[in-house]
Amino acid sequence: MSTTEHENHSCCHHDHSKMSHVKPTAKEDPKAIYTCPMHPEVRQIGPGSCPKCGMALEPLIADDSENEELKDMTRRFWFAAVLTLPIVTVVMGDMIPGKPISGIIPPSVRVWLELILATPVCLWSAWPFYTRAIDSIKRKSLNMFTLIGLGVSVAYIYSLIATLFPNIFPNSFRSADGHVAVYFEAAGVIVTLILLGQVLELKARNQTSAAIKKLLGLAAKTARRISDDGKEEDVPLEDVQIGDKLRVRPGEKIPVDGIVLEGSSSVDESMITGEPIPVEKHMSDKVVGATVNGTGSLLMRAEKVGADTLLSRIVHMVAEAQRSKAPIQKLADVVSGYFVPIVVLVAIVTFIVWSIFGPAPAMAYAMINAVAVLIIACPCALGLATPMSIMVATGRAATMGVLFKNAEAIEIMRKVTTIVVDKTGTLTEGKPKLVMVTPLGEHSEADLLKFSATLEKGSEHPLAAAIVKGAEEKGVKLASISDFNSVTGKGVKGTIDGKSVALGNKAMMEDFKVNFGDAYQQAEKFRAEGQTVMFLAIDNKPAGLIGVADPIKESTPEAIKSLHDEGIKVVMLTGDSRTTGEAVAKKLNIDKVIAEVLPEQKVEEVTKLQGQGEIVAMAGDGINDAPALAKAHVGVAMGTGTDVAMESAGVTLVKGDLRGIVRARKLSHATMSNIKQNLFFAFFYNAAGVPIAAGILYPFFGILLSPMIAAAAMSFSSISVIANSLRLKTRSI
């Protein structure tokens with residue numbers, strides 16, 4: 001049963017979650033969703049035809065299974081070609097001086113021979129065109145198949161009647177020797193050439209999904225699971241459950257996302273990050289499914305399986321982006337909506353004008369020119385111009401570690417004038433280290449670590465993890481906590497060993513009316529060195545300062561320089577103190593720092609910049625960045641960050657490397673240029689082709705466009721658009 005859904009990302013995500021695992025072929029997945037390459041809002045379970053344009057639907061997520069539509073069209077094409085070739089030979093043979101064919105086969109017999117050969121071509125080979133044409137009329141959504149079905153059926157039915165009942169035709173249909181001309185060869189050649197165009201187009205469209213096929217091919221097929229009794233066995237990937245213990249032997253692919261429990265090894269993560277240097281993995285490190293283990297053996301615990309693995313999410317994101325519509329597509333949609341009815345009207349006018357003013361046989365000329373108009377005007381190239389470029393671009397981007405959520409993000413990326421970046425996890429590693437513990441009262445350094453780490457042990461914030469890890473490394477035992485409470489953007493508090501403990505920034509201390517006095521100046525010195533300093537209060541009295549430093553990513557300075565070279569202003573937004581923020585900004589030559597902002601204030605700052613006429617991209621990695629990512633013209637999520645950030649963003653940088661933004665911008669420029677070229681080819685072709693087919697050049701130059709030439713031109717216009725789109729695959733970015 002077919003359903004047409006409007007494009008809705010949350011809806012699409014819901015659909016995908018039903019697909020429990022990334023599988024190598026759609027045949028194995030009875031719930032595979034199919035969509036139209038020209039109308040991505042059309043979706044249904046299983047294959048079929050698009051109710052809007054009649055094109056065959058394709059799997060939303062490409063697979064390695066055989067394309068049934070391509071197989072069918074290829075079979076029909078070869079059948080048509082074998083039968084059409086003799087017809088063309090017979091008809092064209094009389095153009096040779098002496099008319100040798102007529103000497104062998106009399107005209108009266110030749111007409112019947114053409115009828116016998118053309119009928120299977122025009123009935124069986126062309127059958128999909130007729131069914132789609134009838135569907136388009138029923139649905140009141142005229143499309144290219146309306147024109148093809150109309151053109152072929154008019155030429156064939158007219159020729160059939162002329163063969164069976166030649167006497168019913170008046171003189172206006174007859175040539176000088178009194179014969180009624182038939183056009184079986186035109187009908188047969190039109191069907192053959194359009195089928196050839198469909199075959200070439202389907203083959204070319206298959207190439208656009210090569211990126212997804214490549215990603216799907218990366219997944220491991222099995223995993224070595226260790227049961228509770230220590231027994232090891234190889235199981236299919238879809239049988240792996242969260243919490244399973246898995247053995248990864250040297251040289252094997254890591255089956256799913258998880259955490260290393262035992263062992264150490266170097267892992268080739270180039271398929272995710274694009275970086276060729278293997279990454280060392282030890283106990284407690286995260287590993288990603290489909291990456292390749294080196295020479296060591298690892299014991300891991302499965303954390304994410306099936307559709308939740310990073311590889312599956314990348315595949316789904318690329319598939320969704322490939323099928324989404326760019327705003328520029330609206331122009332082509334509007335034109336296509338009016339185009340087919342106008343073409344039918346032009347064909348009718350062409351018929352009337354030629355039948356009244358044309359040379360003898362006027363009615364024959366009228367019919368054949370009207371058919372040429374219908375055939376050459378098919379708007380297939382116009383409909384494919386944008387989707388093909390988007391599909392190739394998103395696939396190319398995925399291989400570069402840049403995931404576009406939709407086509408709109410590709411279109412807007414090139415216009416960005418300001419990029420707003422979060423500090424922690426975006427400019428920095430996001431893996432802070434505890435570097436300073438300064439007691440202020442009677443409590444020792446160990447006490448401060450115990451209280452602060454106990455408070456932070458339940459938090460997922462990177463700063464919290466640094467404090468807990470620092471305490472563990474120093475052998476400090478954590479206590480139990482009650483009345484825990486997190487104050488967004490300020491800190492945490494709770495009761496430990498009967499004492500009221502608060503850890504946070506200056507604003508939090510002011511809320512609790514705890515005055516740190518001279519310690520504020522002391523904190524400023526540490527911040528000037530790039531540390532994030534937190535205040536610890538016990539029983540509403542100053543107890544100490546905790547300093548955490550987050551190293552700047554190696555790639556960040558180069559990324560900032562590249563953004564400046566592109567003429568983009570870089571603004572840093574951080575919840576950290578102004579001194580720490582400015583220390584980092586100074587090192588990186590960042591244009592503007594907005595510090596001490598709460599999550600909701602990040603949205604306000606983005607809105608403020610948009611109000612100043614800036615096209616804003618926001619780059620962040622945490623849950624607190626999600627609202628600002630959604631508000632910006634383009635949200636850019638770090639792939640190393642949270643799932644919420646990735647859901648909110650239009651672009652995800654898999655490796656969390658800001659240099660990906662520069663690559664995304666270059667690809668955006670290349671894609672939009674490619675789309676404009678495609679639209680120019682399609683508009684220019686249709687604008688020029690229809691008047692020539694109607695016979696506008698005949699009074700001046702005696703030139704008429706045969707329906708056979710029109711069919712060839714129509715097919716190859718679509719191929720030229722697809723071939724131009726495929727150039728994006730090899731363009732240097």
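Is Cys 122 buried or exposed, and what is its relative accessible area? Cys 122 is buried, with a relative accessible area of 0%; buried here stands for under 20%, exposed for over 50% and partly exposed for anything in between, using a 1.4 Å probe and protein chains only. Cys 36 is buried too, at 1%. A disulfide is a covalent bond between the sulfur atoms of two cysteines. Counting one wherever a pair of cysteine sulfur atoms lies within 2.5 Å, the model comes out with zero disulfides.

A word on the ground rules before going on. You're looking at a predicted model, where local features need pLDDT of at least 70 and side-chain atom pairs count only at pLDDT 80 or more, while totals for chains, interfaces and linings use all residues. Residues are numbered from 1 along each chain as its sequence is written, and side-chain values use heavy atoms, with hydrogens and water left out.

Now to the sheets. Strands (E, at least two residues) and helices (H or I, at least four) are DSSP runs numbered from the N terminus, and two strands pair if DSSP finds at least two bridges between them. Six strands make an open antiparallel sheet in the order β6-β5-β7-β13-β8-β11. Its edges are β6 (232-236) and β11 (286-287), each pairing on one side only. At the β11 end, two bridges hold that strand to β8 (residues 257-262) in an antiparallel arrangement, and Ile 259 sits opposite Lys 286.

Another open sheet has three strands, ordered β10-β9-β12 with antiparallel pairing. Here β10 (279-281) and β12 (292-293) are the edge strands. Strand β9 (residues 265-268) meets β12 over two bridges, with Asp 268 facing Val 292 across the pair.

Further along the chain, β18 (residues 491-496) and β19 (residues 499-504) run antiparallel and share six bridges. The two strands form a hairpin with two residues between them, and Asp 497 in that turn has a positive phi of about 50 degrees. Right beside the turn, Ile 496 stands opposite Lys 499. Strand β19 also pairs with β20 (residues 531-538), antiparallel and over four bridges; Ala 502 and Ala 537 are opposite each other there.

Where else does a non-glycine residue have a positive phi? Asp 539 does, at about 50 degrees, and this residue lies in the loop between β20 and β21 (541-549). Asp 539 is partly exposed at 39%. Asn 589 also has a positive phi, about 60 degrees, without being a glycine. You'll find Asn 589 in the loop between α21 (578-588) and β23 (592-594), where it is exposed at 54%.

On to the aromatics. Rings of Phe, Tyr and Trp (its six-membered ring) pair if their centres lie within 6.5 Å, with planes under 30 degrees apart called stacked, over 60 edge-to-face and the rest tilted. The count comes to 14 aromatic pairs. One of them is Phe 79 with Trp 124, edge-to-face at 5.1 Å centre to centre and 75 degrees between the planes. Phe 79 belongs to helix α2 (residues 68-93) and Trp 124 to helix α4 (residues 107-125), so this pair ties together parts that are 45 residues apart in sequence. Both rings' residues are partly exposed, Phe 79 at 34% and Trp 124 at 36%. For a stacked pair, look at Phe 680 and Phe 684, with 5.6 Å between centres and 15 degrees between planes. These two are four residues apart in helix α25 (residues 659-694), about one helical turn, and Phe 684 is exposed at 52%. Ring pairs also link Trp 354, Tyr 365 and Tyr 698 into a cluster.

Helix α11 (residues 329-357) is home to Ile 352, which is partly exposed at 42%. Ile 352 is part of a nonpolar surface patch with Leu 345, Ile 348, Val 349, Val 353, Ile 356 and Phe 357, adding up to about 700 Å² of accessible area. That area comes from the Shrake-Rupley method with a 1.4 Å probe, and for residues only the protein chains shown count as cover. Patch members need over 30% relative accessible area and no salt bridge, with nonpolar side chains (Val, Leu, Ile, Met, Phe, Trp, Tyr) joined within 5 Å and like charges within 9 Å. A salt bridge, in turn, is a side-chain nitrogen of Lys or Arg within 4 Å of a carboxyl oxygen of Asp or Glu. In the loop between α11 and α12 (362-376) you come to Pro 361, and the peptide bond from Ala 360 to Pro 361 is cis, with omega near -10 degrees.

Finally, a long-range contact. Ala 559, in helix α20 (residues 556-565), is buried at 0%. The C-alpha atoms of Ala 559 and Leu 658 are 5.5 Å apart, with 99 residues separating the two along the chain.
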